[in-house]
Amino acid sequence: MTTTPSATAAGDTDTGAHAHTNALIHETSPYLLQHAHNPVDWKPWGRAAFDEARERGVPIFLSIGYSTCYWCHVMERESFEDEATARVMNERFVCVKVDREERPDVDDIYMAATQTLTGGGGWPMSVWLTPPGALGEDDPGLRPFYAGTYFPPEDSHGRPSLTRVLMGISDAWTGDRAQVLRQARSLTDAVRERLAAEAAPVKIGREQIVQGVQQLLQSYDNINGGFGGAPKFPQPVFLEFLMQIEPRITDPQQRAVIRDAVTHTLDRMAVGGVFDQVGGGFHRYSVDAQWTVPHFEKMLYDNAQLAILYTRSAEDTGDAFHERIARRTLDYVLHEMTGPGGAFFSAQDAEVNAHEGQNYLWRLTELAAAIIDEGDIKLAADLYGLAGGANFRDPHNPDTPPANVLRLSDRPDVLAQQRGMPVDELLERLDSINARLYAARAERDQPGLDDKAITAWNGLMIAALAEAGAAFDEPRYTNAAHEAAAFILDHMIDETGALRRTSRDGVSKSDGLFDDYSFFISGLLALERAGVTEVAGRRTLDEAIRLTALARQRFGDPDSGGYFDTPPGRTDLIVRARTTYDGVIPSAVSVMIHNLLDLSELTRDRRWLDEAAGAMASISQEIARSPVGAVNATRALDRILALDAGAIERAGMTREVRVAPETPPVEIYADTERIELAPGEPRTITLNIRVREGYHVNAHEPGVEGLIGLMIDLTGGSGVVADINYPRGVAYHGAAVEQGAGREQLLVYEGDTPIEVTLSLDESGAITGRPRLRVIYQACDDAACYEPRGTVLEVEIVRAATSEQ
């Protein structure tokens, strides 16, 4: 098998084979590495690029895309690899590349600018920004003033060429800068209004849920399934909403309509070409209304959400076909999208050798050569539609012979009945045919693989595997979910206990964003429901609660009860956005509301419901304006109303603002600076937790559900095991904590608290990396609990030297 590489290897600085190498060579993103040898002098998003733009006094050309984007590849081949175009770009602009999957916060801001300016958007996204200092010495710049998506190398089909656009913008910057800056101010104001405007709570309720159902049924395609026309996306959030609402409908006829919309859509997607009939898993969307010809890239987030839908449908209805699709989707992910450490890769490319879908297409001669058996050849050609002629012609390479995207005309049980054979026999033969086709396909050049792990998307897949593992009693899935969660907790958390966004080739990068927290917490809660109560040496539920509190501290808006997408103080962002739209991926705030409701159910603690209601009140205007646009939040609204119909209205009336202490009120000391470990010889050290007067730290077991207890673990290496003798906390006398109908005593650490930690080598007997002890704690006073903090102790942990006889 030959593989089309996803990108230059991360960190590969060997430039001997390339005429050009730019600053992207030092990045880890496969998308950025794909552009590391363009003649364009690309720079990553960051201070170095901004400072150069300030010094040169030229605009920034910002190009945003992702590694599996077909038109991103096209624009690179046509323009960014062209020496003449690159010369114009380098001379007149500072050119910056951004991977939208790595920096969705940057992508959201400039997509809003592009849509505001042009009425549409997409990738590659091309945006021109003011340099820092353009509006005065203290001006941070980065204001958009012109934007578009794909630009061809020559004027074509009403689109100006990229060179024409570049020259025009450069001339305007030089000759009419005042007008450019007016445009930049105006567009930036519009983006800020669109992404960050605060809205007072409004009354929402059952009316919005009914509107959401009606609007979806009006756009439902009762012939082909799905919603709207071509191009047609799966839209898992729509289906999940309808699946939840349907049992609550009292009118039998209305329930039947909703049930049919869900089931028919799931059926038509599963038999169409949008589902990879040979290898399993779903492509991103269909270019036609019949789900036949897909846009061939495969995204982790699509397959995670769709696997959950088919799992729930199978569990609710007993539909064996839907269980089969759920299993084939998850098996595809485990086989092709899982890294050696257990984390999941991001995506597979749509094209091979500059031909879209080349790996997935078949002609009758190719199919026959792979299957060999005459009876199976005839059956495969019949079932997969080759007997009726080709259904695909490459629009970008018209000289390529037509071919077929494999699809079924109907469900296997219907096809078996039509052929007078038992469905089990048909499926057995189909599985045998698929195995031979898959083996032949594996010998072809393969699509590029974006092999970075994204915390948010991993959270979605962890949830899917955990839910399917429990539903189908399939330990393979539960174990895979557990392994992925452990990878994130071991390798994608920094020394303070905060999440990182991406990991590739052993390098974790970028602070986690709100969606990383929301989606990963969702995965942890799914594991807890599946009976996996411990991950990476931590209690699953406790870790979900800890990260929920950390997300509230980092992203929460105490004035509104809602959340921002990014932490405060980001100087490289012109606006601190708060996204509520539920599209192909649900919004982080809607997922967090569901997490809070799940925590309320798992802990039976009323405060989680109240917090969910507060977050719901903060986005109530968006739900009132468009129940479908915020459909995952509308689904959460249905859950809240079922629990307490007045919770949201009450939450919209009161807000509590809590300010963190200026300096950490906790100091941590160890009784040694170095510890040497030998096999079979554990060593014990003592840590002292010193808490300033007037404060306390929640004990390891605080005695109250929902609070973050002090935790000690190891970070930065492997090969060492820590056994911690946590002392029981002392009773907190400042206040009691309400819990359900009774009162629980909170246990805390105050003053000086010694904790013994026994370290030993694990079974490997070897230490890798630089393992260090980490203490994660949450300090509180009588008025508030503050942001959890992490302290890494500089106690050197090494393997004892052995003497040779």
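This is a guided tour of one predicted model, moving from the whole chain to a helix, two groups of strands and a single arginine.

Residues are numbered from 1 along each chain as its sequence is written, and side-chain values use heavy atoms, with hydrogens and water left out. Because the model is predicted, local features need pLDDT of at least 70 and side-chain atom pairs count only at pLDDT 80 or more, whereas totals for chains, interfaces and linings use all residues.

**The whole chain**

Begin with the entire chain selected and coloured by secondary structure, which comes to 25 helices and 36 strands; helices (H or I, at least four residues) and strands (E, at least two) are DSSP runs, numbered from the N terminus. The radius of gyration of the chain is 28 Å, close to the 28 Å that the globule rule gives for 805 residues, so the chain is as compact as a globular protein of that length; the radius is taken over C-alpha atoms, and the rule is 2.2 Å times the number of residues to the power 0.38. Along the principal axes, the C-alpha atoms fill a box of roughly 80 × 80 × 75 Å.

Of the 805 residues, 57% are buried, where buried means under 20% relative accessible area, exposed over 50%, and partly exposed in between (1.4 Å probe, protein chains only). Among contacts between residues at least 6 apart in sequence, 71% join residues at least 24 apart, a contact being heavy atoms within 4.5 Å.

**Helix 9**

Next, select residues 236-245, which make up helix 9, a mostly covered helix with 10 of its 10 residues buried. Its buried residues include Pro236, Phe238, Glu240, Phe241 and Met243. To see what covers them, add helix 8 (206-219), helix 10 (252-271), helix 11 (300-317) and helix 24 (631-643), which are among the covering elements.

**A sheet of three strands**

Now turn to the open sheet of 3 strands with the order 8-9-14 and antiparallel pairing. Strand 8 (298-299) and strand 14 (449-450) stand at the edges with a single partner strand each, so one side of each has no neighbour in the sheet. Strand 9 (residues 347-348) is joined to strand 14 by 2 bridges, and these two strands run antiparallel; two strands count as paired if DSSP finds at least two bridges between them. Within this pair, alanine 347 stands opposite aspartate 450 in strand 14.

**Strand 16 and its partners**

Select residues 500-504, strand 16, where 4 of the 5 residues are buried, so the strand is largely enclosed by the rest of the structure. One antiparallel partner is strand 15 (residues 453-454), joined to strand 16 by 2 bridges, with alanine 453 opposite serine 503. Another is strand 17 (residues 507-511), which runs antiparallel to strand 16 and is joined to it by 4 bridges; here arginine 504 has valine 507 in strand 17 as its bridge partner. Strands 16 and 17 form a hairpin with 2 residues between them, and aspartate 505 in the turn has a positive phi of about 50°.

**Arginine 324**

Finish at arginine 324, placed in helix 12 (residues 320-336). Arginine 324 is buried, with a relative accessible area of 17%. Leaving aside neighbours within four places in sequence, arginine 324 is in contact with Leu427, Leu430 and Asp431. For a view across the chain, add valine 180, which is 144 residues away along the chain and whose C-alpha atom is separated from that of arginine 324 by 57 Å.
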